[in-house]
Amino acid sequence: VEDHKRAKLIERQLQHCGFVKNILPVETNIVVFELVDSITENEFIAKMKEQGVLCGTPGKQQIRFVTHLDFNDEQLDVLLKKLKTIAF
């Protein structure tokens with residue numbers, strides 16, 4: 001239940017990010033979104049890794065975040081702040 005709540009909070013933050021083209025419905029602990037055409041999934045992943053955030057890609061122009069038992073509220077806060085301030 002906590003993982004799903006955290007995923008919904010990530011979804012809400014992504015709705016305000018200029019690099020996001022579309023967000024798939026968040027119904028579990030998995031958040032998948034599509035990047036705008038000017039940013040590749042590899043560029044995004046590398047930029048997030050520089051910030052200490054790991055994410056993956058399920059496909060072209062898509063990014064996936066997964067919340068889980070070892071992902072806590074402090075880490076969520078860090079991620080949300082980084083999503084607000086990351087620039088491309």
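Here a biologist asks a modeller how some labels in this predicted model were earned.

Biologist: What are the ground rules for this model?

Modeller: The model is predicted, so local features need pLDDT of at least 70 and side-chain atom pairs pLDDT 80 or more, while totals for chains, interfaces and linings use all residues. Residues are numbered from 1 along each chain as its sequence is written, and side-chain values use heavy atoms, leaving out hydrogens and water.

Biologist: Happy with that! How do you know that the span of helix 3 agrees with its number of residues?

Modeller: Helices are DSSP runs of H or I with at least four residues, strands are runs of E with at least two, and both are numbered from the N terminus. The expected span is 1.5 Å times one less than the number of residues. For the 13 residues of helix 3 (residues 73–85) that gives 18 Å, and the end C-alpha atoms are 19 Å apart, which agrees.

Biologist: Which residues of helix 3 are buried, and what puts them on the same side?

Modeller: Buried means under 20% relative accessible area, exposed over 50%, and partly exposed in between, with a 1.4 Å probe and protein chains only. Leu76, Leu79, Leu80 and Leu83 are buried in helix 3. They cover an arc of only 100 degrees around the axis, which puts them on the same side; the arc is taken from the directions from the helix axis to the C-beta atoms. On the other side, Glu74, Lys81 and Thr85 are exposed.

Biologist: Why is the pair Arg6 and Asp73 called a salt bridge?

Modeller: A salt bridge needs a side-chain nitrogen of Lys or Arg within 4 Å of a carboxyl oxygen of Asp or Glu. Arg6 and Asp73 meet at 2.9 Å, N to O, so the pair fits that definition. This pair links distant parts of the chain, with Arg6 in helix 1 and Asp73 in helix 3, 67 residues apart.

Biologist: What else is linked with Arg6 and Asp73 in a network?

Modeller: Asp3 joins Arg6 and Asp73 in a network of salt bridges. The Arg6 and Asp3 side chains meet at 3.7 Å, N to O, and the two residues are three apart in helix 1, which means about one helical turn separates them.

Biologist: Is Arg6 buried or exposed, and what about Asp73?

Modeller: Arg6 has a relative accessible area of 12%, so Arg6 is buried. Asp73, at 43%, is partly exposed.
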